[in-house]
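Work through the following exercises with the sequence and the coordinates open. Each task is followed by a solution in steps.

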Amino acid sequence: MSRIGKLPIQLPKGVEINISEQNVISVKGTLGTLVQTVDPAIKVNVNNEENIITVERPTDQNRHRALHGLYRSLIFNMVKGVSEGYTSVQEIIGVGYKAQANGQLLELALGYSHNIFMELPSEVTVETTAERGKNPTIILKSFDKQLLGQVSSKIRSLRKPEPYKGKGIRFMGEVVRKKAGKAASSK
């Protein structure tokens with residue numbers, strides 16, 4: 001058995017799960033609704049009395065073993081997302097680098113000749129902070145973990161942290177290994 005796949009998923013209060021005949025799972029909670037199509041070989045069982053979801057595979061083939069853990073993780077992320085939500089925090093390091101949010105529009109000043117305007121999906125909420133003496137931060141919140149990861153990765157790709165001074169956009173707590181610059185010539 002897959003160590004991840006065999007773990008049951010606890011359904012919190014206020015979360016409803018529906019499984020259609022075409023193996024489409026929809027999870028509805030206080031924050032929103034998520035839909036995922038599941039491979040027909042994988043069986044998803046819902047125990048309404050104990051509020052537990054279990055995922056089963058038909059055989060021990062490599063493909064079924066891989067899908068077993070995958071779909072259990074996807075369903076768990078959906079349940080957690082619609083009940084609690086996910087947050088991604090990024091900090092901007094560099095002189096003159098700024099971020100400003102206006103609704104779903106994120107304006108970034110990252111040392112280019114122009115500011116970058118990024119329209120965010122409606123499922124993602126953005127908030128920026130700029131305190132004196134601290135690096136500006138971008139806080140993204142969403143109930144969809146996959147979409148949140150894609151958006152935060154796209155923002156980071158606009159100015160990745162460079163290895164010499166460490167300037168750029170990085171996730172909060174991310175450690176960037178710095179390289180030494182040119183060595184002084186010894187004469």
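The exercises go from the whole chain to single residues.

The model is predicted: local features need pLDDT of at least 70, side-chain atom pairs count only at pLDDT 80 or more, and totals for chains, interfaces and linings use all residues. Residues are numbered from 1 along each chain as its sequence is written, and side-chain values use heavy atoms, with hydrogens and water left out.

**Exercise 1. Overall form**

Task: List the secondary structure elements and compare the radius of gyration of the protein with the globule rule.

Solution:
- Step 1. Count the DSSP runs, where helices are H or I with at least four residues and strands are E with at least two, numbered from the N terminus. The protein has two helices and 13 strands.
- Step 2. The radius of gyration, taken over C-alpha atoms, is set against 2.2 Å times the number of residues to the power 0.38. For 187 residues the rule gives 16 Å, and the protein is at 22 Å, well over that value, so it is more spread out than a compact globule.
- Step 3. Along the principal axes, the C-alpha atoms fill a box of roughly 70 × 45 × 25 Å.

**Exercise 2. Surface and contacts**

Task: State the share of buried residues, the exposed area and the share of contacts between residues 24 or more positions apart.

Solution:
- Step 1. Buried means under 20% relative accessible area, exposed over 50%, and partly exposed in between (1.4 Å probe, protein chains only). Of the 187 residues, 40% count as buried.
- Step 2. Accessible areas come from the Shrake-Rupley method with a 1.4 Å probe; for residues, only the protein chains shown count as cover. About 11900 Å² is exposed by the protein, and carbon and sulfur atoms supply 49% of this area.
- Step 3. Contact means heavy atoms within 4.5 Å. Among contacts with a separation of 6 or more, 51% come from residues 24 or more positions apart.

**Exercise 3. Helix 1**

Task: Compare the span of helix 1 with the expected one, then describe Arg63 and Gly85.

Solution:
- Step 1. The expected span is 1.5 Å times one less than the number of residues. Helix 1 (residues 62-83) has 22 residues and reaches 32 Å from its first C-alpha to its last, close to the expected 32 Å.
- Step 2. Its buried residues include His64, Leu67, Tyr71, Leu74 and Val82.
- Step 3. Arg63 also belongs to helix 1 and is partly exposed at 45% relative accessible area. Its C-alpha lies 9.9 Å from that of Ala41, at 22 residues apart in sequence.
- Step 4. Just after the helix, Gly85 has a positive phi of about 90°.

**Exercise 4. Positive phi in loops**

Task: Place Asn23 and Asn51 and give their phi values.

Solution:
- Step 1. Most residues other than glycine have a negative phi.
- Step 2. Asn23, in the loop between strand 2 (16-19) and strand 3 (24-28), has a positive phi near 60°.
- Step 3. Asn51, in the loop between strand 5 (43-47) and strand 6 (52-56), has a positive phi near 55°. Its relative accessibility is 34%, so Asn51 counts as partly exposed.

**Exercise 5. Lys98 and a ring**

Task: Find the contacts of Lys98 and the ring under the charged end of Arg159.

Solution:
- Step 1. Lys98 lies in strand 8 (residues 98-102) and is exposed at 55% relative accessible area.
- Step 2. Leaving aside neighbours within four places in sequence, Lys98 contacts Ile92, Glu107, Leu108 and Ala109.
- Step 3. A charge sits over a ring if NZ of Lys or CZ of Arg is within 6 Å of the ring centre and within 35 degrees of the ring normal. The charged end of Arg159 sits over the ring of Tyr112, 4.3 Å from its centre.
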